[in-house]
Amino acid sequence: MSSPAVIAYDTPPPDLDVRMLTDEAIDAAVATGHAWARRSAVRIADLRDRPLVCLPGGTGIRGILESACAAAGFAPRVAFEAGTPQVVARLAARGLGVAILPASIARGFDGLHALRITRPALSGRLGLAWRRAGPRSAAAAAFLARFPSHGA
């Protein structure tokens, strides 16, 4: 049976059906004492050679970051990885690097200063996903019915 799972993504994986829950900007965030704390935005190119604090490889936000950096001609320099956005935020608030986070977390975390990422602007989607092939249980169908479709 195919049960829904929550995933972060840029474009939906080809073997999954996705019901989008949110689509939000991905920001950089630095400790309030950081030199960038007086800025409102950074370009992807500004992140070259900066120690970054990110979610692990294979996650949606990390993939979006890696793609944007590759298009700008460099690989991100990941100094620390953490399993949740909240831990990423805590590490950055302690001055351990520039965090890459969903805007809602970057802009609402004490001790952090959020910076819009520009050229290009980054955004990611969070959605419910399930295998396209295979049966869906009645419970999974009832669960999905509680979330309106906003596109993929």
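Q: Strands are DSSP runs of at least two residues, numbered from the N terminus. With that in hand, which strands each supply at least two residues of the lining of the largest pocket?
A: This is a predicted model, and its largest pocket has a lining that includes Thr22, Glu24, Ala25 and Ile26, as well as Gly124, Arg125 and Leu126. Thr22, Glu24, Ala25 and Ile26 fall in the range 16-31, and Gly124, Arg125 and Leu126 in 123-131. The strands asked for are β2 and β8.

Q: Which element gives the largest share of the lining of the largest pocket?
A: The lining also includes Ala8, Ile61 and Pro102. Four residues make up the largest share, and they come from β2.

Q: How many residues in the lining of the largest pocket are nonpolar?
A: Glu24 and Arg125 are the charged pair, while Thr22 and Gly124 count as polar, since Gly is placed in that class. That matches the tally of two charged and two polar residues, and the nonpolar count is six.

Q: How much space lies in the largest pocket?
A: Happily, this one is a direct read-out. The volume is about 160 Å³.

Q: How many disulfides are there?
A: A pair of cysteine sulfur atoms has to lie within 2.5 Å to count. The closest cysteine sulfur to that of Cys69 is in Cys54, at 8.3 Å, so the two are too far apart for a bond. The disulfide count is therefore zero.

Q: Are Cys54 and Cys69 buried or exposed?
A: Buried means under 20% relative accessible area. Cys54 has 1% relative accessibility and Cys69 has 0%, so both count as buried.

Conventions:
Residues are numbered from 1 along each chain as its sequence is written. This is a predicted model: local features need pLDDT of at least 70, side-chain atom pairs count only at pLDDT 80 or more; totals for chains, interfaces and linings use all residues. Side-chain values use heavy atoms; hydrogens and water are left out. On a 1 Å grid over the protein atoms alone, a cavity is a set of points where a 1.4 Å probe fits but cannot get out, and a pocket is an open set with protein on both sides within 12 Å along at least five of seven lines; lining residues have an atom within 4 Å of a point. Grid points are joined across faces, edges and corners, and a volume is the space filled by probe spheres set on the points. Buried means under 20% relative accessible area, exposed over 50%, partly exposed in between (1.4 Å probe, protein chains only).
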